[in-house]
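Subject: Structure handover

Hello,

Here is the structure we spoke about, with my notes below it. Please read the notes with the model open.

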Amino acid sequence: MKHLVVTIGCEYGAGGPQIGKMLSEALGFEYYDRDLVDDVVRKLGVDKELVEKADVSKNVHYSFDTSLGPRYANLTNRVISAQFQVIHDMAEKSSCVIIGRSGNYILQDRDDVLNIFIYAPEDIRIRSIMEQDHVSREKAKELVTYNDEQNHARHKYITGTHRGDRRTRDLLIDSSLLGWEKTAQYLLMLIEMLEEKEG
């Protein structure tokens, strides 16, 4: 198979990371979720706490010392710049699956990228979080709402578009139609057919 990068954006609780992991294993691709991306970002010198703060705010400032005293800069943009660099490096290095982090936007100039968005009805996502995190329905609903709002706001801040905008994705799919495992199988079949078409 030729070099291919699969980006997967997803609604919280719709199974994007799990489906992406299954797909990467079936293809023999590297797998990068948001935590792995952020691990590399921190190795570039961005503190973990600052990365987390940048995730929940559009305009977090950090201070740094200069000979003229402390100065302040926009942390969000610093973190985003580091994430851009990391994702470009990952995509260049080998075929891979990248979860979230606006990978579809960051890699929009490449012609070897398949951009997928995974969603599901809210009630199904709530039940998924209840089972996955062993929390009450009320807590699961709170988590879904909170994460959706933060992820949508972050993506809009970076790209100027909504996460599920079909104009920025090659495929949008409701993971509740087939379930997570069969959705991964469906995506694998799609990639294989695309490979045959181009071969």
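A residue is called buried here if its relative accessible area is under 20%, and exposed if that value is over 50%. The model is predicted, and everything below is computed from it.

I start with Ser95, which sits in the loop between helix 4 and strand 5. Ser95 counts as buried because its relative accessibility is 15%, and the cut-off is 20%. The side chain of Ser95 comes to 3.0 Å from the backbone nitrogen of Leu4. Leaving out residues up to four places away in sequence, Ser95 touches Lys2, His3, Leu4, Phe29 and Glu30.

Glu92 belongs to helix 4, which covers residues 75-93. With a relative accessible area of 55%, Glu92 is exposed. Beyond residues up to four places away in sequence, Glu92 has contacts to His3 and Arg110. Leu4, the residue whose backbone nitrogen Ser95 reaches, is 88 residues from Glu92 in sequence, while their C-alpha atoms are 9.7 Å apart.

Overall picture

The protein has 199 residues, and 43% of them count as buried. Eight helices and seven strands make up its secondary structure elements. Of the contacts between residues at least 6 apart in sequence, 68% link residues at least 24 apart. The exposed area is about 11,000 Å², with 49% of it supplied by carbon and sulfur atoms.

The sheet

Five of the strands form an open sheet with parallel pairing, in the order 2-5-1-6-7. Strand 2 (30-32) and strand 7 are the edges, each pairing on one side only. On average, neighbouring strands in this sheet are turned by 20° against each other, ignoring direction.

Going through the pairs from the strand 2 edge:

- Strand 2 and strand 5 run parallel and are joined by three bridges. Tyr32 stands opposite Ile98 of strand 5.
- Strand 5 and strand 1 pair in the parallel sense over four bridges. Val97 in strand 5 is the bridge partner of Val6.
- Strand 6 and strand 7 also run parallel, with four bridges between them. Tyr119 is opposite Asp174 of strand 7.

Strand 5 is covered on both faces. Cys96 and Ile98 are buried on one side, and Val97 and Ile99 are buried on the other. Helix 8 lies across strand 1, strand 6 and strand 7, and runs at about 155° to strand 7.

The cores

In soluble globular proteins, nonpolar side chains tend to be buried together. In this model the largest nonpolar core has 23 residues. Val6, Ile8, Leu23, Val97, Ile116, Ile118 and Ile191 are the members that touch the most others in it. Two or more residues each come from strand 1 (5-10), helix 1 (16-27), strand 5 (96-99), strand 6 (113-119), strand 7 (171-174) and helix 8 (180-198). Helix 8 gives the largest share, five residues.

Val6 is a useful residue to centre the view on. Setting aside residues up to four places away in sequence, Val6 is in contact with Leu23, Cys96, Val97, Ile98, Leu114, Ile116 and Ile191. A second core of 12 residues is separate from the largest one, and its members include Val37, Val86, Ile98 and Ile106. Ile98 is thus listed in the second core, while it also appears among the contacts of Val6.

A buried arginine

Which helix holds Arg125? Arg125 is in helix 6, residues 122-133. Is Arg125 buried or exposed? Arg125 is buried, as its relative accessible area is 4%. The side chain of Arg125 reaches the backbone oxygen of Tyr12 at 2.9 Å. Apart from neighbours within four places in sequence, Arg125 contacts Glu11, Tyr12, Gly13, Ala14, Ala120, Val144 and Asp148.

For a quick look through the model, I would take three places in turn. One is Ser95, with its side chain at 3.0 Å from the backbone nitrogen of Leu4. Another is the bridge pair Val6 and Val97, both listed among the core residues that touch the most other members. The last is Arg125, with its side chain at 2.9 Å from the backbone oxygen of Tyr12.

Regards

Key: Residues are numbered from 1 along each chain as its sequence is written. This is a predicted model: local features need pLDDT of at least 70, side-chain atom pairs count only at pLDDT 80 or more; totals for chains, interfaces and linings use all residues. Side-chain values use heavy atoms; hydrogens and water are left out. Buried means under 20% relative accessible area, exposed over 50%, partly exposed in between (1.4 Å probe, protein chains only). Contact means heavy atoms within 4.5 Å. A nonpolar core is a set of buried Ala, Val, Leu, Ile, Met, Phe, Trp, Tyr and Cys residues joined through side-chain atoms within 4.5 Å. Accessible areas come from the Shrake-Rupley method with a 1.4 Å probe; for residues, only the protein chains shown count as cover. A polar contact is a pair of N or O atoms within 3.5 Å; within protein, one must be able to donate a hydrogen and the other to accept it, and residues adjacent in sequence count only if both atoms are side-chain atoms. Two strands pair if DSSP finds at least two bridges between them. Axes are lines fitted to C-alpha atoms, for helices over the stretch in contact, and angles run from 0 to 180 degrees between N-to-C directions.
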